[in-house]
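Thanks for passing this one along. Here are my notes, written to be read with the structure open beside them.

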Amino acid sequence: MAGIRCIEEILKLNRQMFEIVIFGSEPHPNYNRILLSSVLQGETSLDDITLNSKDWYAANGITLYTGETVVHIDTDRQRVITDRKRTLPYDKFIVATGSSPHILPIPGADKEGVYGFRTIEDCQALMSMAKHNQKAAVIGAGLLGLEAAVGLQHLGMDVSVIHHSAGIMQKQLDQTASRLLQADLERKGLTFHLEKETVSISGTVQADGIQIKDGTSLKADLIVMAAGVRPNIELAVSSGIAVNRGIIVNDCMQTSEPNVYAVGECAEHNGTVYGLVSPLYEQGKVLAKHICGVPCEGYQGSAPFAALKIAGIDVWSAGKVHEDDRTTSISIRDEQAGIYKKALFEDDRLAGVILYGDTRDKRRFLDSLLTQRDISIVKKQLFAPEKTDTSFKSMPSSETICQCNSVTKGAIEEAVHTKDLTTVEEVKHCTKASGSCGGCKPLVEDLLRYMSSGEYTEPAGTPSFCGCTDFTEDDIIAELQRKPFTTPAEVMNQLGWKTKNGCRKCVPAIQYYLEMLYPGFIQPEPAAEDTCTLIPQMYGGRTNAEQLRNIADIIETYSIPDVSITHSQRLKLSGIRPADLPHIKNDLKIPAHSNEHRRTLQSIRACTCGQNRSIQQLAAKIERHLETLSMPACISISLSCEADCTAAAIQDVGAIRTPAGWDIYIGGVRRTHAGALFCVTDTAESTVRMIKGLIQYYRETAHYEEAVHQWMDRVGIVNIREVLFEEDLRIHLLENLKTDLSLIQKLPLKTGAHKKG
């Protein structure tokens, strides 16, 4: 699953860059291993869990060898050798061998009737055995073991679960949740033998029972080993590649051999081997960007979360689940309703969550975990769960529906509208939502029902490019990244523009993207017949008598016909002749910016309360750090105190000073009520750094003319937080911003060819 997801990401970035060959030991194209338990439980079929058919491989020019195993990597000659004596050269080689069930090294483990639970063949064998046998035993009560046990019980077998620990799912649940789950599963017919160690399997050729260390035994015709997995690292070991528990990789997923990579359950990153699908897909995205030459900060690890896939039982956990001397906790238990919720905190910040019986709020809790929300906010989530009857109406487009594949509500809405999708299966094939663990399938079904109801209002369309080209906006950006274009005319000529000189929409967009790649690439000066607008820079909205007298003299000297006060507390001089523009800028003796031909941050609105001089000074500081930078779209930023909070909360970016620090909001311009609370900072300096980093990330990733709220919906507020809350990534953004400013300020106002490093 991780390996092919990586290939899918490569195809998105540069379909023509590589000739792709894939080897797979199994006789099938890639399929969803996570849903094998759902097949066993009768909820889906083997055909339904195929992720990419053989036709998909052919359509994408991929050579697929199924039932063939790579047995050696010749890293000196950069070639691989298979068990069929096939030899192929490579430029880049990706090891995605996954893991295998840990078969306990005990007598009788090789008998007939003993299986792991990892492949389609395993699933088919269990289903076949269940038709002719009555008693089954599952060794291991983790996620996979419990799902297998319920599946076998569904097939009519009498199932016993043997587990070495005192509690089931002990890695994902605390003792309370574990006992609740055990009681519910016992009501379904499972029998548990806890704190028991299996020492041997009895029988002649066919297994017929299990021997326990305490001298007891169990009858079993079918035995499933679900005692964990082991990364498949044999290929790496035999090829001289560094391994530990898994194949050791760096942040770019490179192994000790520079052109050999590893991804998925076989890879070990910073001492951790991940066994859940969401982290593995994140690794695949990073790897794809790296080998395609697309700038990427590397894989930084993932916050683990897990859900049990058993009908009628809702269990979900994320992050830390066991208390220690560094943690505190808040828990709620409703015994009558069978509901248990627990949140763990470190330094008053959310560190982990367990939800049992009611998992409706798992998206909000995961968001809070990623953003390290404090106790006061999480308390409200625990005691005031989200109401399902209004959740979709109030849910922003950026809200993630499918955590495994990072599919947002907005992405599903767009797919439904553009491709006339009506079923969950169609949504899965189009967006991959519910295509991995399947835990979000009910949510996707509910969203489809909501979209077909009379309450649904279709969201505004997303930004698109113009009719001068068949390229999408993302296509254009990718082409500009790959080729050293220096002028819009060159871009339009080489990319086959239908309209020779472009239009009012595409030309400024190309100019903006070129400036992002080539700081100093300034748009052409206005034509002589045009008029200009100029806004003198009054940092923080403050001025003095000398500045005002000088501006008044300039208005008279150059006969400027139109002077007004903007909503951002600035003077706007309009109707200026282009020939007068450089002279006026010189005479002003203060910075001034025009918004006619280049979008820049022109002002930051600050609280005007007399006692809030410090807020005006902070606004002035941010202005000085951001002035002259091009922006994808007009942007409003406001700083205020709690007594004057409305203005700040409904801007593109707003910061409100509170007794504890600063609350930063984003995306409020689209509505008359507050934007989304992005984060809380504790000092003025950290507020400046966060706003600067946020603006730079917006500049680097937004489409031209894409407003902050549109960008937030498309990229996702969780993703934005993940980037800005990671110190190394934030520092990198601030360094990029500093570099852009220095290049823009030093280069002459003409087309530059000074590419960003």
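**Notes on the predicted model**

1. Let me begin with D740, which is buried, since its relative accessible area is 1% and the cut-off for buried is under 20%. Please keep in mind throughout that this is a predicted model. The residue belongs to helix α25, which covers residues 727-746. Which side chains does D740 meet in polar contacts? One is Q696, at 3.3 Å, and another is R699, at 3.1 Å.

2. It is worth turning to the partner R699 next. This arginine sits in helix α22 (residues 684-701). Is R699 buried or exposed? R699 has a relative accessible area of 2%, so it counts as buried. Setting aside residues up to four places away in sequence, R699 touches Y512, M516, L629, S630, M631, P632 and D740. The contact list therefore includes D740, itself buried at 1%, and the side chains of these two residues are the pair joined at 3.1 Å.

3. Now to the nonpolar cores. The largest one has 46 residues, and L146, L152, L181 and L185 are those with the most contacts inside it. Helix α5 supplies the largest share of this core, six residues. Apart from it there is another core of 42 residues, with I615, I635, L694 and L729 among its members. To see the surroundings of one residue from the larger core, try L152: leaving out neighbours within four places in sequence, L152 is in contact with L40, L126, A136, V138, M157, V159, L222 and V224.

4. Helix α6 deserves a look of its own. Does its length agree or disagree with the expected span? The 13 residues of α6 (residues 175-187) should span 18 Å at 1.5 Å a residue, and the end C-alpha atoms are 18 Å apart, so the two agree. T176, A177, S178, L180, L181, Q182 and L185 are the buried residues of this helix. Their cover includes α5 (143-154), β11 (191-194), β21 (315-319), β22 (327-334), β23 (339-346) and β24 (349-356). After α6 comes G189, with a positive phi near 115 degrees.

5. Strand β11, part of that cover, shows a neat alternation. F192 and L194 point to one face and are buried, while T191 and H193 point to the other and are not. Strand β10 (residues 158-163) runs parallel to β11, and four bridges join them. Within this pairing, V161 stands opposite F192.

6. Two residues are worth checking for backbone geometry. Most residues other than glycine have a negative phi. D348, which is not a glycine, has a positive phi of about 65 degrees. Where is D348 found? The loop between β23 and β24 holds it, and D348 is partly exposed, with a relative accessible area of 45%. S559 is not a glycine either, and its phi is positive at about 50 degrees. S559 is placed in the loop between α18 (545-557) and β28 (562-565).

7. On to the sheets, starting with a three-stranded one. This open sheet has the order β3-β4-β5, with antiparallel pairing. Its edge strands, each pairing on one side only, are β3 (70-74) and β5 (87-89). Neighbouring strands here are turned by 20 degrees against each other on average, direction ignored. How many bridges pair β3 with β4? There are four, in the antiparallel sense, with β4 made up of residues 79-82. V70 has T82 of β4 opposite.

8. Finally, a five-stranded open sheet runs in the order β31-β32-β33-β34-β35, and its pairing is mixed. At the edges are β31 (604-606) and β35 (676-681), each pairing on one side only. From one strand to the next, the twist averages 20 degrees. Inside the sheet, β33 (residues 653-658) and β34 (residues 661-666) run antiparallel and are joined by six bridges; G654 has Y665 in β34 as its bridge partner. Helix α24 (residues 717-725) lies across β34 and β35, at about 15 degrees to β35.

Notes: Residues are numbered from 1 along each chain as its sequence is written. This is a predicted model: local features need pLDDT of at least 70, side-chain atom pairs count only at pLDDT 80 or more; totals for chains, interfaces and linings use all residues. Side-chain values use heavy atoms; hydrogens and water are left out. Two strands pair if DSSP finds at least two bridges between them. Helices (H or I, at least four residues) and strands (E, at least two) are DSSP runs, numbered from the N terminus. Axes are lines fitted to C-alpha atoms, for helices over the stretch in contact, and angles run from 0 to 180 degrees between N-to-C directions. The expected span of a helix is 1.5 Å times one less than its number of residues. Buried means under 20% relative accessible area, exposed over 50%, partly exposed in between (1.4 Å probe, protein chains only). Contact means heavy atoms within 4.5 Å. A nonpolar core is a set of buried Ala, Val, Leu, Ile, Met, Phe, Trp, Tyr and Cys residues joined through side-chain atoms within 4.5 Å. A polar contact is a pair of N or O atoms within 3.5 Å; within protein, one must be able to donate a hydrogen and the other to accept it, and residues adjacent in sequence count only if both atoms are side-chain atoms.
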